[in-house]
Each structure stands twice: as C-alpha cells, then as structure tokens.
Amino acid sequence: MKSAAKWISIIGLGLVSLILAILLVIPLLVDVNRYKPFLEEKISAATGRSVLIGSDLKLSLFPWAGVAVSDLTLGNPAGFGEQPFLKVASFSVKAKLMPLLLKRDLQVKALVVQGPELTLIKQEDGRTNWDFSAPKQPTPAPAKQQPPQNPKSPEKTDAAVKLPIGNLVVGHFSIENGTIRYIDPAGGTPQDVTDVNLALRNITLDQPIPVSASARWNNQPLALEGTLGPIGRDVGQGTVPLDIVLRAFEELTVKLAGQVKHPAQAPKIEVALSVSPFSLKALMNRFKGAQPIQTTDPAALQQIHLTADIEADPTSASVSAGRLQLDDTAIDFSLNARRLAPLSLLFQIDLDRIDLDRYLPPNTAADPPAPPKTVGRQKTTTDPATPSPGAPVPDKAIYTPLRKLSVDGKIKAGTMVVHRAPITDLQLTVKGQEGSFRIAPFSLKAYQGAISGNAEVRVKGNTPATRLDMRINGLQIGPLLRDQLQKDILEGTTQATIQLNMTGDQPDRIKQSLGGKGELLVTNGAIVGIDLANMVRNVQAAFGLAQPTSGEKPRTDFTELRIPYVINKGVVTTPDIRLQSPFLRLQAAGSADLVRESLDFRIEPKFVGTIKGQGDTATHKGITVPVLVGGSFDRPTFKPDLKSIARQQLEREAVQKVFEKKELKPYKETIKGLLDSILSE
C-alpha cells in the first residue's frame, strides 16, 4: 500500500514537473510573432481600421500566463487624415491558467495599458472617427411576405452578456500616462487631456469595485474617486450602484450617488447630484486665456451650490427636487425632458429674491462715449451689419433649435431688481412649439402698481417677430423715470394699455419695425421742470428772457394727462394729447421718431377763466402762447409759436379796436382772413 502511494506521488510530481517544464519551454520554442499578421488581420476585420503591431509579441505561461505587446496602432477611417485613432505604447495582461481550465474562473493578476494616445475628430459634416458602426448598405428589394409561423409577439432580445466563466477576479487594471485629444474644426483650438490615469482594483462580479482616475485638462487637475457595482454575474442586467466624487480645477467638487439599471438592455440612470459650494469667478480664472468675470458687485458669483435628483434614459431625462443657491438667492426648479430629440421640455422655476444688477458688468470710465445722435429729418447712420427694414435677412443657425423645441413652463419670483427697478410677485407661463412661443399670462408688481399681459415670439422666419399686449394699473411713474432715466420729468399715478409688434433681434431694426397703439393716462401728477401755465401766458418768463423770481424748480401740476398714440415704423404719433389742471387746459399733437430720436409737437393752451372754488377770484385773461417742442430726446427744445402770438395780438389790439366802429364791422371777417393768410406764410 505504501509502495503504491509512493509511486502515485512520484508520478504526480513527475506530471506536474513535466507540465511546468512544458509551460516554461513552449514560449522559448514557439515563435508567437509568426501570428502577428494573423492578429492584425482579425482586429482590422473586426474594427474596419488598419492595425499595426510594431514590436515583438511576448508570451509567458508560468507562473502566470501572460501576453505583452508594444507599439500598437489603430488607424482612422478614410477622410480623417493620416494620424492614428489610437496608439498604445505597451499592453500587457497576466492570468492564471489552471483555475480557468479546471473551474472556468478567470483570475487576472494585472492588465496594464501604458501611454495610450487617443485622437477624437469631428468633421464639419458631423462625422466622427469614433463611430465604429458598419456603413449603411443599400436596402434590398422587399421580399414577398410570408405568413408568420407564430402570431405571438416577437421574442425579446436579451442584451445581457453571459460570461463563459464561473467567476472573475482582476487584481489590478490600469491605464497609465494616457492622452486624449479632441479636434473639432468648428470649435477652434484642439483640446488636450493629458496625464490620464485610471486604476481599478480588486475587480469581482459580486463586490463593489474601487475606482480611481486622474488627468489634467488645460493644465488643470481632474480627479475621480469612488465605487462602482457590484456588476453581477449577468453583466448588463439588473442594477449597478455607483458612488462617485469628481474634483476639478481645485475648485469644483461634484458628488453622484445612485444606480444604473439594465445598462446593456434598457439603460436608465438614477442619481442624486450635489455640487459643493464654489466660486464661479475663481473657477473661470483657472482656464488659460479665459476672460475674468467682472460684476458690479465684487461679491457676486462667489457662492454657488447645486443639488438635484436626476433620472435619464436614452430618450428622456428629468430633474426633480432641484435647488440652486446663487449667492443669497435660492432657486427651486424641476425639469422634465419628455423627449430629447427633438427636445420637449416641461419646467418650473421658483426663486425667492435676486438682484440682477449685481451680476451686470461694472461701468467703467474707459467706456467710449456714445456717438452723436442725428435729429430732425436728416438721414441716420446705421451699422453696415444692420439690414434695412425691407432687405432679406439670412437665416441664423441660433434659431434652428428653437424651431424644433417644445416647451411648457412656469416661472415665479418673489422679489427682483432689474436695472434698478424693484419687482415683486412675478409670475409667467411659457408655452410653445415649432418656433412659436407664448408668454401668457404674465404679471408683476412694481412702483406701487400692477402690470399684466401676454406676449408672443415667433422665430419661424429669418428674423424673430414679437407681439406684446400689456396693461398697467396704478403705477407711480415718477420713481420709475428717476430709476430708469435718471430724470425727474413726470409724476403721477399711471394707467396704460400697450399693444406693440416688432421684428428683428437688433435694437436698430426693432425700432425701425416697431408698430402698435395704446393710451397712457396719468392722474394727480405734475410735469417737472416746465411751468406750462406761466409759459403760455408770459413769453419772457417762459423762454428765459426774464429773470427768475424764485429758486424753486418749475412744475406744472395737473389732474389728468391723457395720451393716446399710434406707432408706425418707429414713429409715435399722437393726435390729441389732453392735459387738465386747475389753471389751464392743454391740447397737443405731434410725433416722436424713435429711430432718429427726435421730437415734433405743438402744444395749444386754453386758460380756465377762474378757479374760485380753490380760493382764487382773479380772472385769467391775456395772450396764451402755443409752444413748439422739437430737438432730440436728450435735448428737447421749447419755442413759442410766434405766428400764433402775433395773430392773437393783432386780433386783440388792432382788429378788435378797428372794428369797434360800426361802419367797418361788415369787413371784419374779410380782413381777419387776410391777416391769417399773411401770418401763415
């Protein structure tokens, strides 16, 4: 018995020694480089690209079975240049043979890729060199339909990968010192990601896989740490957890925690996103050549924090429980892209307060002065790039996505400051598709009044067309003008109806195309800086020919100012402006040219006889002075209508006294007509 056991041991040791000897000798006897052309041919057939293995193949079978290769090159498809798609300095893998042969367990000690250089190219026609799909073949003629053998629904394809192994263990997988270059002719300078390193350790099917990666983009560091998995034995099926932290540019930290469902068959990602507070200004300063962000408030854009729950699959995506903290502004939002191509978007945005003026560029003394404005009827100088109103405008690519977009959303804001204007209770609804969008309704409160209405923007043509209907109720116009124009010219409570339509996306073209109508009513107010009551009674005092009697700023108080208007091609015409005050009534007519920024009005006064009810028993009589308003918006001019003054003076002093004589009264109308014709020339 002992003798048999002894012989069995000797035979077993001999077989093991023989196997080991074979494993050691085979790599020495077999020239694996003879198979390089065969390998190159097979890889080329599988990828559709040229393949070149530059250096010798190396094979080892003990103590680990291993293959190593250097200078591996994978070419580009036709039309993408001579540079290779992928170059690998060296590639090596080592695995155990016995567990694979005996138990179908794949145990890999290490798989290392060193010095890979990946070049990604996108052509102007949209083609990419990373597309490995087979070229489209001509569609064959349809064959005669045969009745189905089984009327039941077609069998579903299981996209999961059934690994032909019992277990998988990889001690170490790494990519070292890699480079990725992205070239897009439309994007300008190529983008390089260098020092790419990826390490996966202790890879199994049943345990989470630690992941570590790093790189440098524009010489700025990128790093990724976390875990992925377990992957499961049916690779591509089930749910794969992930917990990843990305750190970028020494400023940005992004955390993703969640899972990927059915990654091979019907992939869907569900993650919680968290972006730690960061400074956008400091982040942008990290990019070489980027212009620093400057804001009116130096403290703006210094604290940004984002959290959201994200779900996405190949055809749709949604963001729920989103919160963006922008400095001292909290913005809650949700997005639902029911369809990604073309995009169909539902959204809701609710912010508590924001001062938008903080984020505007600061005013600088170095800004060039505005060019002088042309007034009167002279021809204005326009930007050569701005087409004339009737000229055809080339289609702009920026509007192409809008013509495919479908949107339905709501925006609310508690408090806002926009160009010094305080706004509260902003609410608006946006709906649209195929290049036509309606903001209906919208409402807000400002300057103790309420503004509401609706708007429509159409981008179906070469230029956008906009229509606006708006109602204003109870707005205090004085603070509004002081905030927006820095001028104290009008006070009072304002009601208004406004209907506007315009085309274009440049200020000059918008003004040239502006049309519409409406009415402005200001009550219990004043025109500041002008004493119309004195101006229309006293030529010298009104037009600077007499010394002022007090240091107070002149003003014209009124109970009602009504301004109906019509706008046509940027010219605002008002046929009948009426002002009522305790002392006088005014009527005015004329136009304001928004393109030339010029004024052309005539004000016709009429005095109230007495205002005894207000404690004044005097009778207001005398010559009234019609006023001609001209000049520009910045420098309006006020001149007396001297012809009208002369007519009044002649009628009062000459004509009336002459025709007091009975014998001349029959000729009164004839002589008045003659004087009118003389004065009108």
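1. Salt bridges. Across the whole of this predicted model, a search identifies 24 salt bridges. The points below take up some of them, together with the solvent accessibility of the residues involved.

2. The network around Glu 270. Salt bridges link Lys 261, Lys 268, Glu 270 and Glu 311 into a network. Two of its contacts involve Glu 270: one with Lys 261, at 3.4 Å from N to O, and one with Lys 268, where the closest N and O atoms lie 3.8 Å apart.

3. Accessibility within the network. Is Glu 270 buried or exposed? Its relative accessibility is 18%, and Glu 270 therefore counts as buried, the cut-off being under 20%. Lys 261, one of its partners, has a relative accessibility of 26% and so counts as partly exposed. Lys 268, which also pairs with Glu 270, is likewise placed in the partly exposed class, with a relative accessible area of 30%. In both of these pairs, then, a buried glutamate meets a partly exposed lysine.

4. The pair Arg 555 and Asp 557. The side chains of these two residues form a salt bridge with an N to O distance of 3.1 Å. Arg 555 is partly exposed, at 35% relative accessibility, and Asp 557 is partly exposed as well, at 44%. Neither value passes the 50% limit above which a residue would count as exposed.

5. Basis of the pairing. Side chains of opposite charge can pair when their charged atoms come close. The contacts described here include Glu 270 with Lys 261 at 3.4 Å and Arg 555 with Asp 557 at 3.1 Å.

Key. Residues numbered from 1 in each chain as written. Predicted model: local features only at pLDDT ≥ 70, side-chain atom pairs only at ≥ 80, totals over all residues. Heavy atoms only, no water. Salt bridge = Lys/Arg side-chain N within 4 Å of Asp/Glu carboxyl O. Buried < 20%, exposed > 50% of the residue type's maximum accessible area, 1.4 Å probe, protein only.
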